[in-house]
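Q: Please take me on a close look at one single part of this model. Start with one residue that catches your eye, and then work outwards to what goes on around it.

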Amino acid sequence: MQRQLIIAASILGLFGTMTNILFISPLPSLVAALLFPFILINRRYLPKTVFWLLLFFLFAGISTLLYHPASFTQFGFYRYDGNFFISYLPLLVLPFLSLKFNINKLFRYFLYLSTGVNLIVYSINVLQRKDAFSGLFLSTNGAGGYYSIVTSLAFIYFLEKKSYKNLIILFLNIVFLYATYSRGSILGLVVGLSCLFLIYFRKSYLIACLLVALSAIQIYILIDTYPVYKKHIMNSRDANIYRNYEIFVQQHYGFVSTKYNNVLVRMYETWPRAVDCFFHSPLVGTGFGSLNDVPFVFNDPIPGVFSTNKQKEKVYNDSHAHHSFLHFLGEQGIIGLVLFILFWYSVYKFLLRNGQEPTVRDFLLVSFFNLTVMSFTEHRITAPSNALPFVLALSLYYVFVNYQKKQVNITPNTV
């Protein structure tokens with residue numbers, strides 16, 4: 001009964017990821033939270049993905065309890081600061097389960113329904129002459145991340161069978177994605193597809209080179225912009241850092257477009273804010289959920305080693321680091337970031353090792369790199385609108401793979 005309940009909820013949640021206006025996609029997370037203790041009882045092994053994810057969950061939970069335990073009672077926490085918990089709870093439960101079902105057909109139906117619904121929404125958007133397309137999402141970035149994931153699925157199915165129907169579905173989803181004007185989502189899709197081809201051509205080392213290059217470029221930018229942040233934005237007389245940023249941009253850049261401002265705010269405000277927290281508390285960060293409680297009031301029991309943000313006003317909003325890995329580094333330090341990377345790498349290794357239903361596996365590989373690259377310019381890796389389509393698809397693939405392995409008595413990958 002438990003197995004059928006969580007799997008049914010996950011399928012419903014997957015189809016519900018096409019919107020964050022109605023809270024359908026978090027349903028599997030709620031069911032997983034209730035069932036996890038019962039699923040875990042008498043388990044003799046933990047899949048590696050679950051092992052590292054559980055360690056990160058525990059670390060994040062302890063960090064939240066030490067920083068601001070009341071967060072767990074606030075809805076805003078799960079929507080913004082702590083949305084990681086909503087996005088990844090299903091992955092703590094479904095890798096233990098197995099079921100025989102046609103996963104290829106399931107994802108085809110998901111793609112067809114998503115494309116059909118969004119074609120209607122897009123047509124209405126065109127008739128209303130709106131500039132950017134946000135679909136059934138509250139923001140264009142949320143929509144862009146979702147369409148980026150779905151477009152990768154459409155592309156994989158087109159590669160599998162180059163029919164006119166698959167071409168039309170791919171074209172429509174590309175149109176939806178482009179209409180969001182979400183550059184990070186478009187870049188993520190292009191890089192994700194490129195990484196899949198690199199894997200097939202046995203050039204995986206180029207993927208590592210790409211990620212290192214992206215990190216190096218951003219470190220170079222921060223070397224220049226972090227001192228500016230400390231002088232003009234965080235440590236100026238006015239405690240309102242958002243206003244400080246606006247004044248700085250007006251004085252040094254004048255009037256800027258929205259898209260250009262999105263670049264500047266990362267360079268001079270959100271990325272440096274995460275680095276500021278990291279410098280004060282490099283090992284464990286300044287507390288889960290602390291990055292948007294500004295202006296910072298650092299308490300340094302061990303200067304340069306451990307610090308907490310003592311700002312009394314706790315807020316829950318999307319004023320995050322706009323960079324998932326810097327966000328982890330600021331709030332949870334090196335330990336938190338390493339735990340997450342170990343979990344994320346275990347997902348990658350699982351996908352490489354398991355080729356059951358190659359079409360779905362390839363879609364997940366593209367989405368994995370897509371989500372990774374998008375997270376270099378946004379906090380996409382935890383946002384439910386972006387992460388849940390991937391997490392639920394991965395969780396269901398685990399269920400499918402486990403059943404296939406049972407048929408040939410393959411020992412699970414455990415720790």
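A: Let's start at E357, which is found in the loop between α13 and α14 (helices are DSSP runs of H or I, at least four residues, strands are runs of E, at least two, and both are numbered from the N terminus). Before we go on: this is a predicted model, in which local features need pLDDT of at least 70, side-chain atom pairs count only at pLDDT 80 or more, and totals for chains, interfaces and linings use all residues. Residues are numbered from 1 along each chain as its sequence is written, and side-chain values use heavy atoms, with hydrogens and water left out.

What catches the eye at E357 is the backbone: phi is positive, about 50 degrees, although E357 is not a glycine. With 26% relative accessibility, E357 counts as partly exposed (buried is under 20% relative accessible area, exposed is over 50%, partly exposed is in between, with a 1.4 Å probe and protein chains only).

Now look at the two helices that this loop joins, α13 and α14. A pair of rings links them, with W344 in helix α13 and F368 in helix α14 (residues 358-374), 24 residues apart. The ring centres of W344 and F368 lie 4.8 Å apart and the planes make an angle of 20 degrees, so this pair counts as stacked (Phe, Tyr and six-membered Trp rings pair with centres within 6.5 Å; planes under 30 degrees apart are stacked, over 60 edge-to-face, the rest tilted). Unlike partly exposed E357, W344 and F368 are both buried.

W344 and F368 are one of many such contacts, as the structure holds 53 aromatic pairs. Another one also uses α13: Y88 and F340 sit 6.5 Å apart, centre to centre, with 90 degrees between their planes, which makes them edge-to-face. Y88 belongs to helix α5 and F340 to helix α13, so this pair ties together parts that are 252 residues apart in sequence. Both Y88 and F340 are buried.

The helices α5 and α13 turn up together a second time, as each supplies at least two residues of the lining of the largest cavity. (On a 1 Å grid over the protein atoms alone, a cavity is a set of points where a 1.4 Å probe fits but cannot get out; lining residues have an atom within 4 Å of a point.) Its lining includes N83, F84, H327, F328 and E331. Helix α13 gives the largest share of that lining, three residues. The others on the list include D81, F288, H379 and T382.

Next, go back along the chain to the loop that leads into α13. H322 sits here, in the loop between β2 and α13. Like E357, H322 is a residue other than glycine with a positive phi, in this case near 55 degrees. H322 is buried, though, with a relative accessible area of 15%, whereas E357 is partly exposed.

Further back you meet β1 (residues 298-302) and β2 (residues 306-309), which pair in the antiparallel sense over three bridges (strands pair if DSSP finds at least two bridges between them). I302 stands opposite F306 in β2. The two strands make a hairpin with three residues between them, and G304 in the turn has a positive phi of about 80 degrees. In the loop between α12 and β1 you find P295, and the peptide bond that joins V294 to P295 is cis, with omega at about -5 degrees.

Last, follow the chain the other way, past α14, to α15. Of its 25 residues, 19 are buried, so α15 is largely enclosed by the rest of the structure. The ends of α15 fit its length as well: at 1.5 Å a residue, the 25 residues should span 36 Å, and the end C-alpha atoms are 35 Å apart, which agrees (the expected span is 1.5 Å times one less than the number of residues). Just after α15 comes N409, with a positive phi of about 55 degrees.

So the tour began at a loop residue with a positive phi, E357, and it ends at N409, where phi is positive too.

Definitions and conventions. 1 Å grid on protein atoms, 1.4 Å probe; cavity = no way out; pocket = protein on both sides within 12 Å on 5 of 7 lines; lining within 4 Å.
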